[in-house]
Amino acid sequence: MPHRKTALRLAAPVAVLALALTACGGGDEDSKDAGAKSTATTEATPSPSEAASGGDLATGESATGKVAEDPGEVTYDVVAQKVDVGTEAEAAKAVADAADVKGKVLATAYLKYTHKSGPALTEGSDVHDGATVFADGQRGSVLVGASEDAAGCEDPYDVESWKQGESHVFCETYVIPAGAKSVEAHWSEEDGEPYVWKFPQK
């Protein structure tokens, strides 16, 4: 199971942003691919009783998605409960070099995952790998290892028994620009479109 290691991994915001834009690029080849995918999507349009993957969700509204776990595929209900946004001083203390987060803050998204169907898990979960945090339309920089100590957050690798009907709250901490007007928690199935919960900032 390709678990992420708990270590500090704060990539340069510009590099992360550039990679994100490249992945979603708008070249001619991308347009051709998009056309081909559009045709395929039309043929596989979900029935009214089957919601399409991805889209904006209201506060408290849950998404349903499948994740390939060990020992098998599990269906989860996922809801972003909140996003806590910190201060520049807190961000500076969380990294080795404060210059890396100048003008930045930490944003910790709390996502609740409920095991709906599939085999019981005994060696952690990968469901949280689909979670990210965006600010004003731009993806933040992930700060691995910062969430486990936050109040109310669990470490997904410490969950040794997860049965149908049980829920756990896993958190993701990202570095975002200070003063962002809108912060979003995203979660998606592998290769799926993201579900988006918006948390406007004052």
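Reader: Which residues make up the covered face of strand 2?

Author: In this predicted model, strand 2 spans residues 63-68 and has two faces that can be told apart. In a regular strand the side chains alternate between the two faces of the sheet. The uncovered face holds Thr64, Lys66 and Ala68, while the covered face is made up of Ala63, Gly65 and Val67.

Reader: Do strand 2 and strand 3 pair in the parallel or antiparallel sense, and over how many bridges?

Author: A hairpin of 4 residues leads from strand 2 into strand 3, and strand 3 covers residues 73-85. The two strands pair in the antiparallel sense, and the number of bridges between them is 6.

Reader: Which residue in strand 3 stands opposite glycine 65?

Author: Glycine 65 belongs to the covered face of strand 2, the strand that pairs with strand 3. The residue opposite glycine 65 in strand 3 is tyrosine 76.

Reader: Why is the disulfide of cysteine 153 and cysteine 171 left-handed or right-handed?

Author: The sulfur atoms of cysteine 153 and cysteine 171 lie 2.0 Å apart, and the two residues form a disulfide. This pair links distant parts of the chain, with cysteine 153 in the loop between strand 7 and strand 8 and cysteine 171 in strand 8, 18 residues apart. The torsion about the S-S bond is about -85°, so the disulfide is left-handed.

Reader: Is cysteine 171 buried or exposed?

Author: A residue counts as buried when its relative accessible area is under 20%. Cysteine 153, its disulfide partner, is buried at 12%. For cysteine 171 the relative accessible area is 7%, so cysteine 171 is buried.

Methods. Residues are numbered from 1 along each chain as its sequence is written. This is a predicted model: local features need pLDDT of at least 70, side-chain atom pairs count only at pLDDT 80 or more; totals for chains, interfaces and linings use all residues. Side-chain values use heavy atoms; hydrogens and water are left out. Buried means under 20% relative accessible area, exposed over 50%, partly exposed in between (1.4 Å probe, protein chains only). Two strands pair if DSSP finds at least two bridges between them. A disulfide is a pair of cysteine sulfur atoms within 2.5 Å.
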